[in-house]
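Reader: I would like a close look at a single part here, together with whatever surrounds it. Please choose one and take me around it at an easy pace.

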Amino acid sequence: MNILVINGPNLNMLGIREPELYGKSDYAALVALVEETCAREGIGVELFQSNHEGAIVDKIQEAYGKKDGIVINPAAYTHTSVAILDALKAVALPAVEVHISDVSCREDFRQVSYPGMACIRTFMGLGLEGYCHAILYLKEYLEHREK
Ligand code: DQA
């Protein structure tokens with residue numbers, strides 16, 4: 001099983017960026033957590049972070065035929081990007097959405113998720129642990145689908 005974990009804009013600034021919302025751990029700590037979780041579960045993982053919408057679309061397209069599923073935190077593109085939604089629909093890989101903060105309790109403009117419309121599940125408000133939940137959920141989903 002091979003998955004792709006995508007992080008959108010400003011998530012490379014974790015630890016520095018609004019720590020009261022996103023915590024004190026940095027992006028390297030998130031990478032380590034995801035890699036450890038996947039290694040423990042016997043999952044191959046590639047991590048990708050970009051501040052550019054088109055680069056995220058390219059990466060999703062590249063996953064077609066190569067990866068079994070996607071975990072994605074589209075960050076601010078969550079609330080704007082029909083292009084990322086369309087890319088997820090185009091490759092039709094099972095995708096799980098993650099948000100570190102609880103976006104449901106935040107500003108009105110954060111109440112829509114375009115990429116989320118192509119995802120099988122969303123985890124939010126669990127901090128970095130949300131990525132572990134998303135990985136385990138995706139693994140369960142893929143294992144059951146394969147039966
Ligand atoms: C975020 C929530 C988004 O609204 C925000 O733009 C982000 C991070 C989160 O992980 O909580 O950049 O996706």
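Author: Happily; what follows is a tour of strand 4 and its surroundings.

A word on the ground rules: this is a predicted model, in which local features need pLDDT of at least 70 and side-chain atom pairs count only at pLDDT 80 or more, while totals for chains, interfaces and linings use all residues. Residues are numbered from 1 along each chain as its sequence is written, and side-chain values use heavy atoms, leaving out hydrogens and water.

Let's begin with the sheet. Its five strands form an open sheet in the order 2-1-3-4-5, with parallel pairing. Strands here are DSSP runs of E with at least two residues, helices are runs of H or I with at least four, and both are numbered from the N terminus. Two strands count as paired if DSSP finds at least two bridges between them. Strand 2 (44-49) and strand 5 (121-124) are the edge strands, each pairing on one side only. On average, neighbouring strands are turned by 20° against each other, direction ignored; the axes are lines fitted to C-alpha atoms, and angles run from 0 to 180 degrees between N-to-C directions.

Now for strand 4 itself, residues 95-99, which pairs with strand 3 (residues 69-73) in the parallel sense over three bridges. Within this pair, Ala-95 stands opposite Ile-70. All five of the five residues in strand 4 are buried, where buried means under 20% relative accessible area, exposed over 50%, and partly exposed in between (1.4 Å probe, protein chains only). In a regular strand, side chains alternate between the two faces of the sheet. Here one side carries Ala-95, Glu-97 and His-99, the other Val-96 and Val-98, and both faces are covered.

What does strand 4 contribute to? Along with strand 1 (2-7), helix 2 (27-41) and helix 5 (129-146), strand 4 supplies at least two residues of the largest nonpolar core, which has 25 residues. Such a core is a set of buried Ala, Val, Leu, Ile, Met, Phe, Trp, Tyr and Cys residues joined through side-chain atoms within 4.5 Å. A second, separate core of 16 residues includes Ile-70, the partner we met opposite Ala-95.

The loop between strand 4 and strand 5 is worth a stop too. Ile-120 sits there and counts as partly exposed because its relative accessibility is 31%. Ile-120 touches Pro-94, Ala-95, Val-96, Tyr-137 and Tyr-141 (contact means heavy atoms within 4.5 Å), not counting residues up to four places away in sequence. Arg-110 lies in this loop as well, but counts as buried because its relative accessibility is 17%. The side chains of Arg-110 and Glu-107 are joined by a polar contact of 2.6 Å, that is, a pair of N or O atoms within 3.5 Å; within protein, one must be able to donate a hydrogen and the other to accept it, and residues adjacent in sequence count only if both atoms are side-chain atoms.

Finally, the ligand: the residues around it, each with a heavy atom within 4 Å, include His-99, Ile-100 and Arg-110. A polar backbone atom of Ile-100 is 2.7 Å from an oxygen atom of the ligand. Asn-73, from strand 3, has a polar side-chain atom 2.8 Å from a ligand oxygen atom.
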